[in-house]
Amino acid sequence: MNDLHTGLTADAIDLGYDEDGVFYQTTPAYGGHILAHIVILEERPQMATVRQKIFTPLEPDYSRSGKVITEKVAVERDEAYEVLSVEEKVVTGTPIGQAEVIVSGGRGVKDETELTSLRELAELLGGELASSRPLVDAGMLPHSKQIGQSGTTVKPKLIINAAISGSVQYQIGMRDSERIVSINKSSTAPIFDISHYGAVADFKTLVPAVIAEIKKSKG
Ligand SMILES: Cc1cc2nc3c(=O)[nH]c(=O)nc-3n(C[C@H](O)[C@H](O)[C@H](O)COP(=O)(O)OP(=O)(O)OC[C@H]3O[C@@H](n4cnc5c(N)ncnc54)[C@H](O)[C@@H]3O)c2cc1C
């Protein structure tokens, strides 16, 4: 960047052109409390990195060619730090960022017993259990299961949201899912604005009923 004398927008969640044809980059700022639209009017080139799963990848075009330039970077050892141990991360199941089906629970899920029905639905559908931030803050699920701006961006074929209101920070992480189904007691919950199917219901009665139907159809 220094060599190019230009800026870089990191972790953009949207790229586009405004009505004047000016290229803009959208990125969360001030700890995610606002979304900043950044435009670079004078310097060229314009550079941005985008968050994983924000855009649908294009089909590979094998007629194109390019040159891979591998740079060698020397990182000097910092005497202020010492590696005491290296521990392998234990990952169970498919990471939610790669899951094709997700059942996600929100603050309306009060305890482990209530979470069990969502876990069972996820398993029956061959998918993964995930959540909005409150369940992670409450220690019910690890951070690797959190969808959203400070969690993981997901793009499954199907996502079922149970007891999730649909904050901006949550929607950023799942709004491009292929099919969005939401269950919420409140008909005015913002999650319904981006859902393909919605049920105004208590998930504690609806989810067990759906599980029973799936089991019946599987015989
Ligand atoms: C910088 C920053 C980063 C953030 N990052 C994230 C993030 O990555 N991911 C994230 O999720 N949040 C994030 N948040 C938090 C976010 O603002 C919301 O607070 C959070 O998403 C709310 O989660 P929720 O929808 O589960 O809870 P709530 O907003 O409390 O909604 C609960 C919903 O459940 C419904 N409900 C309750 N009981 C039932 C029931 N029995 N059956 C059906 N419906 C029921 C209610 O009607 C309500 O709509 C972030 C916030 C900040 C400031």
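**Exercise 1. Find the bridge partner of Asn161 in S9, then describe how S8 and S9 pair.**

Step 1. Asn161 has Ser182 as its bridge partner in S9. Helices (H or I, at least four residues) and strands (E, at least two) are DSSP runs, numbered from the N terminus.

Step 2. Strand S8 covers residues 158–162 and strand S9 residues 179–184; 5 bridges join them, and they run parallel. Two strands pair if DSSP finds at least two bridges between them.

Step 3. Another residue opposite S9 is Ile159, which faces Ile180.

The model is predicted: local features need pLDDT of at least 70, side-chain atom pairs count only at pLDDT 80 or more, and totals for chains, interfaces and linings use all residues. Residues are numbered from 1 along each chain as its sequence is written, and side-chain values use heavy atoms, with hydrogens and water left out.

**Exercise 2. Place S8 in its sheet, and state which strands form the edges.**

Step 1. The sheet is open, has 5 strands and follows the order S7-S6-S8-S9-S10, with parallel pairing.

Step 2. Strand S7 (128–131) and strand S10 (197–200) are the edge strands; each pairs on one side only.

Step 3. From one strand to the next, the twist averages 15 degrees. Axes are lines fitted to C-alpha atoms, for helices over the stretch in contact, and angles run from 0 to 180 degrees between N-to-C directions.

Step 4. Helix H1 (residues 112–124) packs on this sheet, touching strand S6 (101–105), S7 and S8. The direction of H1 makes about 135 degrees with that of S7. Contact means heavy atoms within 4.5 Å.

Step 5. S6 and S8 run parallel, joined by 5 bridges. Gly105 stands opposite Ala162 in S8.

Step 6. In S8, 4 of the 5 residues are buried, so the strand is largely enclosed by the rest of the structure. Buried means under 20% relative accessible area, exposed over 50%, partly exposed in between (1.4 Å probe, protein chains only).

**Exercise 3. Describe the surroundings of Ser104.**

Step 1. Ser104 lies in strand S6. Its relative accessibility is 0%, so Ser104 counts as buried.

Step 2. Leaving out residues up to four places away in sequence, Ser104 touches residues including Ala130, Ile147, Ile159, Asn161 and Tyr170.

Step 3. The side chains of Ser104 and Tyr170 form a polar contact of 2.9 Å. Such a contact is a pair of N or O atoms within 3.5 Å; within protein, one must be able to donate a hydrogen and the other to accept it, and residues adjacent in sequence count only if both atoms are side-chain atoms.
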